[in-house]
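User: I've got this model open and I'd like to know what stands behind the labels people put on it. Can you take me through them?

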Amino acid sequence: MSKEADMKEVELNELEQEKQSINTDTEKNGCVKVKVPEEKEVKFTGLSKEELMKVAGTTGWVRTRWVLLVLFWLGWVGMLAGAVVIIVQAPRCKPIPEMHWWNEGPLYKIADVVNSFENIKGIENKLDSLNQLKVKGLILGPVHIAQKDQLSTLQFKDIDTMVGTESDLVSLLERAHKKSMSIVLDLTPNYNGIDIWFSKVPDVAEKLKDACAFWLKKGVDGFLLPDMSHADRTTIWQSIHDIVHSNITDGTQKRDLVLSIRSQSVDDAFQLMMSSGVDLVETTLPNFGMHEMKALTSLNSTYSKLAWSLNKQTSDLPTRLYHMLLFTLPGTPVFNRGDEVGLKERESPMGIWDLENPAEGNNETAKNVRAERTSLRSFFKTLSDLRVKERALLHGEYKTLSISNSSFAFLRLWDQSERFITALNWGTTPVTLRLTRVNVPAEARVRLSTDTEKLAVDSIVPLQNLELNAKQAVLLSFPYTG
């Protein structure tokens, strides 16, 4: 290569370097980039230890600290004192009384299984319907084998084949327990005969003791026994009592021992309840009348072990009056199959289970019957719901407010809960009730009424002159006011 060529190549290289230097310091629009030196980070520092000590020791800061400290403790002591005053002045809640499953809702009695449900399986198929009514337990039977007045045929441990089998009963128990419903067996010995004890109480009671132990192992939750006016004087009675209430572990619900009596006064039923040691004494509701209803004026919270049922043979008043009274009295309401829809003594119960599936066609009478039964069932369910959730109705105190030849009113109250008044007129003419009592307000709210035109639900009515039409009832409530 010539010297002239070398010099030309050097010039070209220098020119290329100048171009690259220009390109790196300019943008596409020709502006030159200028690098600005970054500012140095400024650090802020507080007072030094020595400076803080000088400030902390000044008179002004010492006084400020003491003022703040005193204010803090004064505020704390003030809040503590306020809390103590609130706790002391606040009304104390009464302790809830001991409750068992049979105190929490109605019991449903199925005496004639075959005519009511066809068999035990039929009962199992209707548990959902019964559960909607807040039924807490079924009193079933008698379902054991016992020919009329023949003691030798008595077999408490064997189920009548027309009713079902032992496996059917076990299946019913399992299904009912899943729905929080209990099963009580009626072990009336000679239930088809004249003398229910076959006139040989000790012999029958010995068999009864073995039967109770047998069925408890199968999962039965209790037993109903007939009038024990003779049996409670035998030595075997205590053995039956001990068997039913023994071997209950923690978390296991208590078993129910029910004593069923008839044609005895309320006071007699209470005395029998106290002397026998049973959990419930089932007795029929007194007939309506001033003399009969006066027996209820002695009721109080200690009568919670009474179970009220309806004597259909003497009942000629509207079903809703009985519903209102049974659900709001102290104790446990017991209903026979069909009571929830006003079924009569000899009336077939088959139509009470399909109220929502009309099948009458153009039969106006049948349609009206179905409509009335549907309304009655709704009324029953409303009362059952109220009794389950309202403490005053569940386990509250009882006070009579008014009684006459054709009317009756009473108050249910519990601690700081809503108060309830039940007022009934079973006469044939209207009445005016004057419900005046200490701590009873001038007005109350209608919660449920058999006469919705005159006493509409949620309306406010005066208690000084509460008017009820003939054969009508109303459930009122008012709040606790302290």
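User: What makes the eight strands a closed barrel, and in what order do they run?
Analyst: Keep in mind that this is a predicted model. The barrel's strands follow the order E1-E2-E5-E6-E7-E8-E9-E10, and the pairing is parallel. Going from one strand to the next, the twist averages 25°. Two strands pair if there are at least two bridges between them. Take E1 (residues 107-110) and E2 (residues 137-140): four bridges join these parallel strands, so they count as a pair under the two-bridge rule. One residue to click on is Lys109, whose bridge partner in E2 is Ile139.

User: Why is the contact of Glu282 with Lys109 called a salt bridge?
Analyst: The rule wants a side-chain nitrogen of Lys or Arg within 4 Å of a carboxyl oxygen of Asp or Glu. Here the N to O distance is 3.2 Å, so the Glu282 and Lys109 side chains qualify. Glu282 sits in strand E8 (residues 280-284) and Lys109 in strand E1, so to speak distant parts of the chain, 173 residues apart. By the salt-bridge rule the count comes to 14.

User: What makes the other sheet open, and which strands are its edges?
Analyst: This sheet has six strands in the order E11-E12-E13-E18-E15-E16, with antiparallel pairing. Strand E11 (397-403) and strand E16 (460-462) each pair on one side only, and they are the edge strands. Ignoring direction, neighbouring strands of this sheet are turned by 30° against each other on average.

User: How do you know that E11 is paired with E12?
Analyst: Count the bridges: six of them join E11 to strand E12 (residues 407-413), running antiparallel. At least two are needed, so E11 and E12 pair. Within that ladder, Lys399 has Leu411 as its bridge partner in E12.

User: How many cavities does the search find, and what lines the largest one?
Analyst: Searching the whole structure gives two cavities of 30 Å³ or more. The largest holds about 50 Å³ of space. Its lining is made of Val143, His144, Phe156, Asp158, Ile159, Leu185, Asp186, Leu187 and Trp215. Strand E4 (155-159) and strand E5 (182-186) are the elements that give two or more residues to that lining. E4 has the largest share, with three residues.

User: How do the lining residues of the largest cavity divide into nonpolar, polar and charged?
Analyst: Six are nonpolar, one is polar and two are charged. Asp counts as charged, so Asp158 and Asp186 go in that group. His isn't on the nonpolar or charged list, so His144 is the polar one.

User: What makes the Gly141 to Pro142 bond and Phe198 worth a look?
Analyst: Most residues other than glycine have a negative phi, and most peptide bonds are trans. The bond from Gly141 to Pro142 is cis, with omega near 15°. You'll find Pro142 in the loop between E2 and strand E3 (144-145). Phe198 isn't glycine, yet its phi is positive, near 55°. Its place is the loop between E5 and helix H8 (201-218).

User: Where does the "transmembrane region" label come from, and what is the span made of?
Analyst: It comes from the UniProt annotation, an unreviewed entry, which covers residues 66-88. In the model, residues 66-88 are 100% helix and 0% strand, and the end C-alpha atoms lie 33 Å apart.

Conventions. Residues are numbered from 1 along each chain as its sequence is written. This is a predicted model: local features need pLDDT of at least 70, side-chain atom pairs count only at pLDDT 80 or more; totals for chains, interfaces and linings use all residues. Side-chain values use heavy atoms; hydrogens and water are left out. UniProt positions are given in the numbering used here, feature names are shortened, and annotations may be inferred rather than shown by experiment. On a 1 Å grid over the protein atoms alone, a cavity is a set of points where a 1.4 Å probe fits but cannot get out, and a pocket is an open set with protein on both sides within 12 Å along at least five of seven lines; lining residues have an atom within 4 Å of a point. Grid points are joined across faces, edges and corners, and a volume is the space filled by probe spheres set on the points. Axes are lines fitted to C-alpha atoms, for helices over the stretch in contact, and angles run from 0 to 180 degrees between N-to-C directions.
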